[in-house]
Amino acid sequence: MTKPDYIFESSWEVCNKVGGIYTVLSSKACTLRKDFDDRIIFIGPDLNQHQNDFREDSTLFSDWKKSLPENFNVKTGRWKVPGEPIVLLISYKTFFDKRDSLYYEMWDSFRVDSALSYGDYDESCIFAYAVGLVIESFYHFHGLADKKVAALFNEWMLGMGALYLRNHVPAIATLFTTHATTIGRSIAGNNKPLYSHMNSYDGDRMAKELNVEAKHSLEKQTALFADCFTTVSDITAMECKQLLQKAPDVVTPNGFEMNFVPEGEKYTEIREKAREKIRLVVEKLTGKPVAKEAFLVATSGRYEYRNKGIDVFIDTMNKLRKSDGLKQEIIALIMVPAWVHAARADLKYIIENDYNMTAPMQTPFLTHWLHNMQDDRVINFFLSAGFTNTAAENLRIIFIPCYLDGHDQILNRSYYELLPGMDATVFASYYEPWGYTPQESIAFGVPTITTDLAGFGMWAETVVSGKQIKEGVSVIKRTDDNYFDVVNQIADTLSELMNTDNVETVRTNCVQIARKTEWDKFITYYYTAFDKAFSNAEKRNRK
């Protein structure tokens, strides 16, 4: 098996936490550095803002940087994650004057159709182009022609970087990973049935119907022309085969690192502090004490209302709220970033001054005010379902719509500082190529409920039955047509967990499953992908 001498990996989410790709890259960096040391180099955008997880080191590759043209503005440094890999951050906006010639080259060489582009397409493609230029310059300056060099590009946003290298530095083996197809996400996001109609969908026609032709064209052609095309799960592999007309060469499931999960007394301390803080906020909002033994259940992730199953979560809580004989107090949390206007000043004042609340506050299910609150789907569902969070309710539901970085002014805890406080999590995904949220949950010893439409859920069913929450992971069968069955099954599963005596055994089972997903076990799929890329690049260059 051929291994690279150098690896370049690029993504919009290098030192820029937007979604799950950040976790993929930042967590696998430690494992890759063990094998490649400083020959694994990540490339991301310089966003001209304070990036807390980047530590600049101007001494890195100083000779190479001096050789760059004036319009090449590259910062060198370290990503402050386990392994601390080298990072190049690129100021790419100086290359916008090359857009038209770039798009012509992409059409002429690869039939990428950018004619109907809009939104973030231009910015993403110019960044990808800049990545290609930087790799090309680094390759030639350091004389890597006799080395095995691989360049891995994540998502359609980096597609033109891969295609640029194929044209200009054909010796470099290119890999392209789609984590979620543009068309698949668009179909699901537009409330169309993705799975029952999958075999009848034509990707090109759907791209036109859903107005994503440029992104789809770029994604499809990069998948076809990259030396190795990968995706993160078997369910997305099926999607790629149908919608991109290209099955992945290798499936590279997302691993996880356990090295930042607290253990022993430290874990217990974090869990207790998280529960204490959550109880305090809920008590102030609702004007009613929260019992120490209250059952805390949460969902989190991107604000994709249907795709992430936020609607299912709310309906499930509504069913539990109305169920006869609900004896245990439940606090349900939706920790999903929305369009936040500001932390609630009234709530902040009440918390800071420990004001004793005996009645619910205004809007007693929201920690931060939102822009266009009247149009928010979560709040509107709360209201239509009849949630009140009054003293008479044994289930209170709270929307925490801010990015949990520890500085939100209300909870002031990061997501990973709050997660251990949960008794369960629910991720009722309809569209989820992988699903780091349930994977993270079990890593922190919190039993989780997911679905078989999530890549992680499909994987979990290969190691556990998925039918019993006591195993640590419950996997609910979800289709285009069984929404209320899913709601009922999740409600029953949570009731089962609330009545479980051996909670510590369940938590132990969670961690044991999580350890099966560590990167030292999953990284082998990447080595297979590198080998495939080098083999295909060699064949291509012989022609």
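How near do the axes of helix 4 and helix 5 come, and at what angle do they cross? The legends below take up this crossing and several other sites in a predicted model.

**View 1. Helix 4 crosses helix 5.** The axes of helix 4 (residues 121–141) and helix 5 (residues 159–168) come within 7 Å, and the crossing angle is roughly 40°. The two helices are therefore oblique to each other. Helix 4 passes helix 5 in a right-handed crossing. From helix 4, the contact draws on Y121, C125, A128, Y129, G132, L133, I135 and E136. From helix 5, M160, G161, Y164, L165 and H168 take part. By class, the residues of this contact are nine nonpolar, three polar and one charged.

**View 2. Helix 3 packs on helix 4.** Helix 3 (residues 99–110) and helix 4 have axes 11 Å apart and pack at an angle of about 80°. Helix 3 and helix 4 are therefore roughly perpendicular to each other. On the helix 3 side the residues are R99, L102 and Y103. These meet Y121, D122, C125, I126 and Y129 in helix 4. The residues of the contact of helix 3 with helix 4 comprise six nonpolar, no polar and two charged.

**View 3. C125, a buried cysteine of helix 4.** C125 takes part in the contact of helix 4 with helix 5 and also in the contact with helix 3. Its relative accessibility is 0%, so C125 counts as buried. Why does C125 form no disulfide? The closest cysteine sulfur, in C240, lies 18 Å from the sulfur of C125, which is too far for a bond, given that a disulfide needs the two sulfur atoms within 2.5 Å. Across the whole structure, a search finds zero disulfides. Another cysteine, C510, is buried as well, with a relative accessible area of 0%.

**View 4. T178 in strand 7 and its contacts.** T178 lies in strand 7 (residues 173–178). With a relative accessibility of 0%, T178 counts as buried. Leaving aside neighbours within four places in sequence, T178 is in contact with E155, E219, F229, T230, T231, V232 and C240. One of these contacts, C240, is the residue that holds the closest cysteine sulfur to that of C125.

**View 5. E155 and Q245, two loop residues with positive phi.** E155 is not a glycine, yet its phi is positive, about 70°. E155 sits in the loop between strand 6 (149–154) and helix 5, and T178 is in contact with E155. Q245 also has a positive phi, of about 60°, although it is not a glycine. The loop that holds Q245 runs between helix 9 (234–243) and strand 9 (250–251). Which of the words buried or exposed applies to E155, and which to Q245? E155 counts as buried at 8% relative accessibility, whereas Q245 is exposed, with a relative accessible area of 52%.

**View 6. F110 in helix 3 and the residues it touches.** F110 lies in helix 3 and counts as buried at 3% relative accessibility. Not counting residues up to four places away in sequence, F110 touches E105, L163, R166, N167, Q221 and F225. How far apart are F110 and F141 in space? The C-alpha to C-alpha distance is 27 Å, and the two residues are 31 residues apart in sequence.

Notes: Residues numbered from 1 in each chain as written. Predicted model: local features only at pLDDT ≥ 70, side-chain atom pairs only at ≥ 80, totals over all residues. Heavy atoms only, no water. Axes fitted to C-alpha atoms, helices over the stretch in contact; angles between N-to-C directions. Helix = DSSP H or I, 4+ residues; strand = E, 2+ residues; numbered from the N terminus. Parallel < 35°, antiparallel > 145°, perpendicular 65-115°, else oblique. Left-handed = near helix turned anticlockwise from the far one by under 90°. Contact = heavy atoms within 4.5 Å. Nonpolar A, V, L, I, M, F, W, Y, C, P; charged D, E, K, R; others polar. Buried < 20%, exposed > 50% of the residue type's maximum accessible area, 1.4 Å probe, protein only.
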